[in-house]
Amino acid sequence: MDHFTYRNGVLHAEDVPLPAIAQAVGTPVYIYSRATFERHARVFRDGLAAIPNKHIAFAIKSNPNLAVLNVLSREGYGADVVSGGEMARALAAGVPAKDIVFSGVGKTRAELAQGLKEGIGQFNIEHEPEGVALAETAHAMGLTAPATLRVNPDVDAGTHAKISTGKKENKFGVGIDSAPEIFGRLAALPGLNLRGVAVHIGSQLFDLAPMAAAFERVGALVQTLRDAGHYITHVDLGGGLGIPYKAGEALPPSPADYGDMVARVTRDWNVHLTFEPGRVIAGNAGVLLTEVLWVKPGAAAPFVVVDAAMNDLARPAMYDAWHDFQPVIETGERMTASLVGPVCESGDTFAIGRDIGVVGPGDLAVFRTAGAYGATMASTYNSRALVPEVMVDGDRFAVVADRIPAGTIMAAERVPDWLR
Ligand SMILES: *Cc1c(COP(=O)(O)O)cnc(C)c1O
């Protein structure tokens, strides 16, 4: 459930009519609902109520806005970060260092040192040389790094290839069969407190079975490691729970279904569990507000040209993703149209031949479910401005990320003297 609803035929975010935001900030603009973030955070945590010993770290790559992190931090969420930049954001938003988990397949030695210096709670090691580098860096600093070894369980998560991470051909983690040997070698290094394992098999998962299968393999690995004399206290189960993008379509498993599955599979593990949800918290807490520029005849259906483009919301171009499109003012009439942005490539298409509420030039509309992997993936392609972000809280709203105009981006460029 979210807080983007029609009142008297006008789409609102909580108590704010969206035309008021368009007027104040312009379009395109991302709009987040604080109450929706809080609701999702609570529903996810409630789904895990049966799990006694846990930590929830929001995967901030899905939405790293400082105001969003602030809201989630107040809900007791930590942060799963995948770069030094994300680590700095989490800390700036007030997330305690001990609640930060550092994931990612290409951490640099400088980033590892940054995490050690800040005293973050957990490093998820992706392969043996990274573990060696972490141990060396920590030892040289007189520290011990709390760490898990990320394993690749080789299961097909049944999601889009670009967001599948748990098959053996993917770049993530060490093969689960070689994990005991690698774990043994890393656990012996000074500077490392290798205390468990981590897994994350992909994103937008609509089926609990592959997750359960992956977790069962992790459970077996924990037993193998314990049998070999290792002291295993932590398991990180990653994120990945899917969300509804399309009104009227089959729903993904709920956080409660997910929690039941986890409780069942991990019943006898006797470990502290970490969760790294991203999309399930952020996705339906945001919309992208846009204005229709033109309606242009097309061979099959007319093109509705909006002022948002693939540089603002990359998911349709990148993952063939569906985002529901709704006029801000309800009309009741329908039309079939293709939804496209102004960017000069055909990939800048949000929908082909879609049944939508009638819109015309000057009308406002939203792309729904844009709170995750939306603004954070934006670029300035075609020398477009970097899209701004707004957060709504009841009847008030604030710009939480400025629009960065093309001129500001251009000001960072230099023509060398030898070209003058
Ligand atoms: C992307 C990612 C997540 C979050 O995935 P969602 O599908 O957004 O929940 C969690 N953990 C890791 C390691 C990731 O790379």
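I take two residues to be in contact when heavy atoms of theirs lie within 4.5 Å. With that in hand I went through this predicted model, beginning with the chain as a whole and ending with single residues.

**Entry 1, the whole chain.** I looked up how the contacts spread along the sequence, and found that among those between residues at least 6 apart, 70% join residues at least 24 apart. I listed 12 helices and 21 strands in the chain. The radius of gyration is 23 Å, close to the 22 Å that the globule rule gives for 420 residues, so I note the chain as being as compact as a globular protein of that length. Along the principal axes the C-alpha atoms fill a box of roughly 70 × 60 × 40 Å. Of the 420 residues, 55% count as buried, while the chain exposes about 17800 Å², of which carbon and sulfur atoms supply 53%.

**Entry 2, the ligand.** I then asked which residues surround the ligand, and I noted 14 of them, the closest being K61, S203, E276, R279 and Y373. I sorted this shell by residue type and obtained 3 nonpolar, 6 polar and 5 charged residues. For three of the closest residues I wrote down polar distances: a polar side-chain atom of K61 lies 2.7 Å from an oxygen atom of the ligand, one of E276 lies 2.6 Å from a ligand nitrogen atom, and one of Y373 lies 2.6 Å from a ligand oxygen atom. The protein covers 94% of the 390 Å² of accessible area that the ligand has on its own.

**Entry 3, helix α3.** I followed α3 over residues 66–74 and found V68, L69, V71, L72 and S73 to be its buried residues. An α-helix has 3.6 residues a turn, so residues three or four places apart point the same way. The cover over the buried residues of α3 includes the helices α2 (34–47), α4 (84–92) and α10 (279–282), together with the strands β4 (29–33), β5 (54–59) and β20 (389–393). At the N-terminal end I found N65 as the cap, with a side-chain oxygen 2.8 Å from the backbone nitrogen of A67. After the helix comes G76, with a positive phi near 90°.

**Entry 4, T27 and P28.** Both T27 and P28 sit in the loop between α1 and β4, and I recorded the peptide bond from T27 to P28 as cis, with omega near -5°. Is T27 buried or exposed? At a relative accessible area of 19%, T27 is buried, although I note that the cut-off is under 20%. The T27 side chain makes a polar contact of 2.5 Å with the side chain of D307. Setting aside neighbours within four places in sequence, I found T27 in contact with A22, L289, T290, E291, D307, L364 and R403.

**Entry 5, T266.** I located T266 in the loop between α9 (255–265) and β13 (272–275), where T266 is buried at 9% relative accessible area. Beyond four places in sequence, the contacts of T266 are with L237 and L273.

**Entry 6, positive phi outside glycine.** I checked N8, which has a positive phi of about 50° without being a glycine, and E14, whose phi is positive and near 50°. N8 lies in the loop between β1 (4–7) and β2 (10–13), and E14 in the loop between β2 and β3 (16–17). N8 is exposed, with a relative accessible area of 84%, whereas E14 counts as buried at 8%.

How values were computed:
Residues numbered from 1 in each chain as written. Predicted model: local features only at pLDDT ≥ 70, side-chain atom pairs only at ≥ 80, totals over all residues. Heavy atoms only, no water. Buried < 20%, exposed > 50% of the residue type's maximum accessible area, 1.4 Å probe, protein only. Helix = DSSP H or I, 4+ residues; strand = E, 2+ residues; numbered from the N terminus. Polar contact = N/O pair within 3.5 Å; in protein donor to acceptor, adjacent residues only side chain to side chain. Near = heavy atom within 4 Å. Areas by Shrake-Rupley, 256 points an atom, 1.4 Å probe, with all protein chains shown as cover. Nonpolar A, V, L, I, M, F, W, Y, C, P; charged D, E, K, R; others polar. Rg over C-alpha atoms; globule rule 2.2 N^0.38 Å.
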